[in-house]
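This report looks at an enclosed space inside a protein and at two residues of the chain. Please have the sequence and the model in view while reading.

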Amino acid sequence: MYLEEQVALVTGSGRGIGRAIALALAEQGANVVVNDVVEESAEEVAARIEEMGVAAMSVVADITSEDAVKAMVAAIMDRFGRIDILVNNAGITQDNLLMRMSEEQWDTVLAVNLKGAFLCTKAVARPMVKARHGRIINIASVVGLTGNVGQANYSSSKGGLIALTKSTAQELGSRRITCNAVAPGFIETEMTARLSNEARQRMLERIPLGRPGQPEDVARAVVFLAGPAAAYITGQVLAVDGGMVM
């Protein structure tokens, strides 16, 4: 358990990929702060983590609000006195073709997916700089590299998140803080379960490994980047996509 005694904050970890990441970090001994906008989901994951023998804390916070993010980080510091790992996982989709996309759809997705990551990174940077140690991992997407029809807002937010990753890596590297991104491809979650059989088949045809990924595939990549084996890796984007994007 090479993350023992470390404290990890995972945003949007009440379900899906975020939940898998929170549990995987706990398996390696990390104490985990579960953030979500749904209180019941956050509490369920936190309870599961405590059953694993490590400490957990559930926090309901709107990461698009700077005041809410500051309050969340202050509460974590009061409880644990440190934040070693930040996983910016929270994200939403509001798909539409570009010419039909409303300003609200654009603003809402950019606020959660990109502004939220910025606010959380900014808030944890100070205690990490003071400790001269930290791991920041942003959950991007392969569509942030390629774009995608009907996802101008989502693709832009994930492309921006990749750029934020590289800028953060450059700014904080001298303080022994790394910042990397994981870019999932077609991962089986509640979101992808809504795809039609035809759309699912089209996606699978683009994947050399011939199968969709699981949330645990993404979680294992995050655990690697959070651990000592990745101490000399920063500013990178690791695609977990079965070879979909090369």
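Leaving aside neighbours within four places in sequence, A117 is in contact (heavy atoms within 4.5 Å) with N88, V112, L161 and L164. This is a predicted model, in which local features need pLDDT of at least 70 and side-chain atom pairs count only at pLDDT 80 or more, while totals for chains, interfaces and linings use all residues. Residues are numbered from 1 along each chain as its sequence is written, and side-chain values use heavy atoms, with hydrogens and water left out.

A117 also belongs to the lining of the largest cavity, together with T11, I63, N88, N89, A90, V112, N113, G116 and L161. A cavity is a set of points on a 1 Å grid over the protein atoms alone where a 1.4 Å probe fits but cannot get out, and lining residues have an atom within 4 Å of a point. The volume, which is the space filled by probe spheres set on the points, is about 40 Å³ for the largest cavity. Helix 4 (residues 103–131) gives the largest share of this lining, four residues.

The table sets out two residues, each of them buried, a word that means under 20% relative accessible area with a 1.4 Å probe and protein chains only.

| Residue | Place | Relative accessible area |
|---|---|---|
| S13 | loop between strand 1 (7–10) and helix 1 (16–27) | 0% |
| A117 | helix 4 | 4% |

The side chain of S13 reaches the backbone oxygen of V10 at 2.7 Å, and among the residues that S13 touches, not counting those up to four places away in sequence, are G18, V33 and N89.

Conventions:
On a 1 Å grid over the protein atoms alone, a cavity is a set of points where a 1.4 Å probe fits but cannot get out, and a pocket is an open set with protein on both sides within 12 Å along at least five of seven lines; lining residues have an atom within 4 Å of a point. Helices (H or I, at least four residues) and strands (E, at least two) are DSSP runs, numbered from the N terminus. Buried means under 20% relative accessible area, exposed over 50%, partly exposed in between (1.4 Å probe, protein chains only). A polar contact is a pair of N or O atoms within 3.5 Å; within protein, one must be able to donate a hydrogen and the other to accept it, and residues adjacent in sequence count only if both atoms are side-chain atoms.
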